[in-house]
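User: Hi! I have a new structure open and don't know my way around it yet. Could you walk me through it?

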Amino acid sequence: MGTIDRLRSTLIETRGTLKILPNLPWVLPQTKWNGGRILADNAKKYGSRPALAYLEERYTWKQYNDKANQYADFLRKQGIGKGDVVALVMDNRPDFLFAFMGINKLRAVSAMINTNLTGKALTHAINIGGPKAVLVGNEHTEAVKAIEGDLENIDLKKDMWVQLENGQGDSAGYRVINDEVAASATREHSTKDNMPSTAERMCFIYTSGTTGLPKAAVITNQRWLMAGLAFGKTLHDAKASDTIYVALPLYHSSAQFGGVGATLATGASLALRRKFSASNFWSDVRSFGATRFMYIGELCRYLLNHPVQPGERDHKLKIGVGNGLRPDIWETFQDRFGVPTMREFYGATEGNAPLFNIEGRPGKVGRLRPGQVIVNCDPATGDIIRNSQ
């Protein structure tokens with residue numbers, strides 16, 4: 001890394017750190033913050049500004065918060081409270097976020113189930129979180145129905161709920177909650193005597209299961225908020241006037257930290273797609289007016305390999321944030337689609353030493369931060385390979 005690159009990176013990082021400083025109370029140990037409380041603050045601060053877009057649906061910050069409060073009110077009436085776990089089995093759509101934030105407002109915990117799981121893996125993922133209830137989108141009732149006999153401590157009549165998208169779909173005989181949620185109160189659930197803590201668990205995000213069954217990584221409010229601030233104010237460098245486009249699954253950390261958390265931290269709007277589509281990517285970006293987007297893995301290669309589309313350079317995108325953008329296509333991607341800046345990060349949901357390529361240097365995953373070192377490890381055991389030092 002040259003001196004100019006290092007200086008540029010340091011300046012960008014310093015600016016990002018300075019932008020985060022006003023929000024430092026969000027991430028200090030034992031302070032009284034969580035995502036639900038920040039959502040309520042955003043509803044007061046931004047009110048009628050756009051907060052969430054999906055297909056033809058649009059929600060302001062006030063509407064987003066009201067919907068989350070309705071879920072919180074419904075869940076409270078079902079006996080969900082501080083520390084209780086609710087498993088979420090739902091694709092990307094607004095009700096996922098309304099439920100997720102409603103759960104957080106009650107100081108309860110969301111178990112974010114990978115919706116690609118079936119059979120034994122799905123059973124394990126739900127059971128390992130020890131949920132008090134399971135909230136299923138109608139798009140996944142069939143998969144849940146197939147394993148219902150193996151679910152532990154779940155009363156199928158009382159604790160298995162289905163949210164029908166647009167009020168339509170197969171409930172598989174489970175309790176449909178659309179009308180109950182819609183009739184619930186929009187009042188806030190945090191009071192001076194019932195404030196959250198940054199130390200409390202916010203959610204479980206599961207590992208991919210490549211080395212056995214998926215494992216639940218515990219994400220505290222502090223970790224979630226710190227990641228949201230880092231992504232929103234440094235990597236995305238977003239403002240309330242920006243829109244971050246996310247087609248990655250909400251059950252995983254990239255969409256959570258770089259999408260949901262980043263928009264809450266900055267007031268930017270979140271634009272959602274249920275699942276990534278190379279053929280619809282650029283039309284989505286245009287229709288949502290997106291200025292930032294999240295990617296992972298080979299998503300950018302899929303876009304590059306797709307036939308040229310009319311208007312694929314007719315967009316407002318300024319920054320792409322993600323990981324896995326290979327150096328052999330980095331600049332080709334930027335040149336073809338006209339995206340000025342791509343920023344990589346490296347890290348694991350359950351890890352504690354992320355790296356960031358703030359300056360957008362092609363092929364780089366980041367630079368070492370204070371206290372970080374790189375060591376050689378045995379790939380089979382993970383043991384550090386030591387030398388005389």
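Analyst: Happy to; we can take the sheet, a single residue and a pocket in turn. Keep in mind that this is a predicted model.

User: Great, sheet then. In what order do the strands of the open sheet come?

Analyst: The order is 2-1-11-10-12-13-14-15, which makes 8 strands in an open sheet with mixed pairing. At the edges are strand 2 (57-60) and strand 15 (355-357), each pairing on one side only.

User: How much are neighbouring strands turned against each other?

Analyst: On average by 20°, with direction ignored.

User: What holds strands together in a sheet, in general?

Analyst: Strands of a sheet pair through backbone hydrogen bonds, and they can be parallel or antiparallel.

User: And strand 10 with strand 11, parallel or antiparallel?

Analyst: Parallel: residues 243-246 of strand 10 are joined to residues 269-272 of strand 11 by 4 bridges. If you want a spot to click on, Tyr-245 stands opposite Ala-271 in strand 11.

User: Found it. Which strands does helix 10 touch?

Analyst: Helix 10 (residues 281-288) packs on the sheet and touches strand 1 (50-54), strand 2, strand 10, strand 11 and strand 12 (292-296). Its direction makes about 155° with that of strand 10.

User: What about helix 12, which strands does it lie across?

Analyst: Helix 12 (residues 327-337) lies across strand 12, strand 14 (341-346) and strand 15. The angle to strand 14 is about 145°.

User: Changing topic: I clicked on Val-176. Where is it found?

Analyst: Val-176 is in strand 7, which covers residues 175-176. Leaving aside neighbours within four places in sequence, its contacts are Val-162, Leu-164 and Ser-171.

User: Why does Val-176 count as partly exposed?

Analyst: Its relative accessibility is 33%, so it falls in between the limits for buried, under 20%, and exposed, over 50%.

User: And how far apart are the C-alpha atoms of Val-176 and Phe-345?

Analyst: They are separated by 40 Å, and the two residues are 169 residues apart along the chain.

User: Last topic, the largest pocket. How much space lies in it?

Analyst: About 1200 Å³. It is lined by 42 residues, and the closest to its centre are Arg-223, Phe-257, Gly-347, Ala-348 and Pro-354.

User: Which element gives the largest share of the lining?

Analyst: Helix 8, with 6 residues. Helix 1 (3-20), helix 8 (221-235), helix 9 (253-266) and strand 14 each supply at least two residues.

User: And by class, what does the lining have?

Analyst: The lining has 20 nonpolar, 17 polar and 5 charged residues.

Definitions and conventions. Residues numbered from 1 in each chain as written. Predicted model: local features only at pLDDT ≥ 70, side-chain atom pairs only at ≥ 80, totals over all residues. Heavy atoms only, no water. Pairing = 2+ DSSP bridges. Axes fitted to C-alpha atoms, helices over the stretch in contact; angles between N-to-C directions. Contact = heavy atoms within 4.5 Å. Buried < 20%, exposed > 50% of the residue type's maximum accessible area, 1.4 Å probe, protein only. 1 Å grid on protein atoms, 1.4 Å probe; cavity = no way out; pocket = protein on both sides within 12 Å on 5 of 7 lines; lining within 4 Å. Points joined across faces, edges and corners; volume = space filled by probe spheres on them. Nonpolar A, V, L, I, M, F, W, Y, C, P; charged D, E, K, R; others polar.
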